[in-house]
Amino acid sequence: MKKVDENKAVLLRRMAETLIKKKSLQEKSQLQEAEAMALIHELQVHQVELEIQNQELIEAKSESEVAREKYTELYDFAPSGYFTLSREGDIKEINLCAAQMLGKERKYLKNSRFGFFISDETKPIFNNFLDKVFKSHSREICEVTLSVNGKVSVMVQLTGKISDNKNQCLISAVEITEQKLAQEEIQNNEIHYRMLLELATDAFFQGNINGDFITVNSVAIEQTGFSRDELLKMNMKDLFSDEILSVQPLQYEKLRSGEVVNNERDLIRKDGTTITVEMKSRMMPDGTFQSFFRDITERKQSDKELKRKLNELGIYYELAITRERKMIALKSEINMLLSRLGEELKY
């Protein structure tokens, strides 16, 4: 905004006073025309500048009022709650969203103690938060539960910062009730999921994209002979020999394409013994893979034993058939000889 030079205004006033004095002392003399015209011009310019300055002041005031109205609207209708608290925790300023969180009209909330609206369980957290803001002058964050009329209302995250005058705390409050409930549900689901994994009859392995284990269940520990800590430092390929992997490599590409991969491999346990496992693996939406191992060593041995017995029975059968065929042929030869001799056939 243009500002009129105050020294110039004083100088013009003094020039006008001097000319008036000259006129009163020299009544018969007239002001020189050039001098009078110059003074009038200067006065006119000064008047114009004053008018411009006055108009700019009016416009600036109008813009300031518009800006203040916009600020007030933004403050009141912001989706977050805003509080201004004193060192004692009294509410000095509060917007509409914050008033709704506390369940009262703003006129009843000003100068109220904010701590009254915080649940007893989280009140020590808030007191420590407010104390830190005023002592450290740093931005602090905490989570508390608001209690309205003795009932739990909402869970909020408070972010506080000391004001410029150092005597008040500016606080924003964001409701996190749904977020916290969702987190609790996720945690409960995770606990339930882990319980199911622990109750599973098959070994469970979860690994990252590189095959490093990040989760295993108790059956995996029992099946491999490694402790949980040991397994979580291992990779999937560490459970198999190089010979096995050269013939049956781990098929990560198929997993990435969304296929469910089934394989049978010989797994080397910690004590060096080998078991045969049936693996069922798939890639999860988060980029990790999950594999279930079923120990089929006994089943494979039973299959081998069954095949061995079947082979033996086959041999016995062939021997029996051959013997029977030989007996039939022998009986036929005996009958032929008896017929030649004219004797009665025996078979």
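## Basis and overall make-up

Helices (H or I, at least four residues) and strands (E, at least two) are taken here as DSSP runs, numbered from the N terminus. On that footing the protein chain has 11 helices and 10 strands. The structure is a predicted model, in which local features need pLDDT of at least 70 and side-chain atom pairs count only at pLDDT 80 or more, while totals for chains, interfaces and linings use all residues. Residues are numbered from 1 along each chain as its sequence is written, and side-chain values use heavy atoms, with hydrogens and water left out.

The protein chain holds 347 residues, of which 32% count as buried; buried means under 20% relative accessible area, exposed over 50%, and partly exposed in between (1.4 Å probe, protein chains only). Its accessible surface comes to about 24300 Å², and carbon and sulfur atoms account for 53% of that area, the areas coming from the Shrake-Rupley method with a 1.4 Å probe, where for residues only the protein chains shown count as cover. Among the contacts with a separation of 6 or more, 40% are between residues 24 or more positions apart, a contact being heavy atoms within 4.5 Å.

## Two nonpolar cores

A nonpolar core is a set of buried Ala, Val, Leu, Ile, Met, Phe, Trp, Tyr and Cys residues joined through side-chain atoms within 4.5 Å. The largest one has 28 residues, and those with the most contacts inside it are Phe 83, Leu 102, Phe 114, Phe 126 and Leu 158. Two or more residues of this core are given by each of β1 (81-86), β2 (91-94), α3 (96-102), α5 (123-136), β3 (140-148), β4 (151-162) and β5 (168-175). Apart from it lies another core, of 23 residues, including Val 216, Met 236, Leu 267 and Phe 293.

Phe 126 shows which residues meet at one point of the largest core: leaving aside neighbours within four places in sequence, Phe 126 is in contact with Leu 85, Phe 114, Gly 115, Ile 118, Val 144, Leu 158 and Ile 171.

## The cavity

A cavity is a set of points, on a 1 Å grid over the protein atoms alone, where a 1.4 Å probe fits but cannot get out, and its lining residues have an atom within 4 Å of a point. Grid points are joined across faces, edges and corners, and a volume is the space filled by probe spheres set on the points. The search of the whole structure finds 1 cavity of 30 Å³ or more, and the largest cavity has a volume of about 120 Å³.

The lining of the largest cavity is made up of Met 236, Leu 250, Gln 251, Tyr 252, Leu 255, Val 261, Asn 263, Arg 265, Met 279, Ser 281, Phe 289 and Ser 291. At least two lining residues are supplied by each of α10 (252-256), β8 (261-268), β9 (274-283) and β10 (289-295), and the largest share, 3 residues, comes from β8. By class the lining divides into 7 nonpolar, 4 polar and 1 charged, where Ala, Val, Leu, Ile, Met, Phe, Trp, Tyr, Cys and Pro count as nonpolar, Asp, Glu, Lys and Arg as charged, and the others, Gly among them, as polar.

## Buried glycines in strands

Gly 81 is placed in strand β1 and is buried, with a relative accessible area of 0%. Not counting neighbours within four places in sequence, Gly 81 is in contact with Asn 95, Cys 97, Ala 98, Met 101, Ile 171, Ser 172 and Ala 173. Its C-alpha atom is 9.9 Å from that of Leu 102, which is 21 residues away in sequence.

Gly 207, in strand β6, is likewise buried at 0% relative accessible area. Beyond residues up to four places away, Gly 207 touches Asp 212, Phe 213, Ile 214, Thr 288 and Phe 289. Between the C-alpha atoms of Gly 207 and Met 236 there are 7.9 Å, with 29 residues separating the two in sequence.

## Loop residues with positive phi

Asn 111 is found in the loop between α4 (106-109) and α5, where its phi is near 70°, a positive value in a residue other than glycine. Asn 111 is exposed, with a relative accessible area of 54%.

His 137, in the loop between α5 and β3, has a positive phi of about 60° although it is not a glycine. With a relative accessible area of 40%, His 137 is partly exposed.

Terms used
On a 1 Å grid over the protein atoms alone, a cavity is a set of points where a 1.4 Å probe fits but cannot get out, and a pocket is an open set with protein on both sides within 12 Å along at least five of seven lines; lining residues have an atom within 4 Å of a point.
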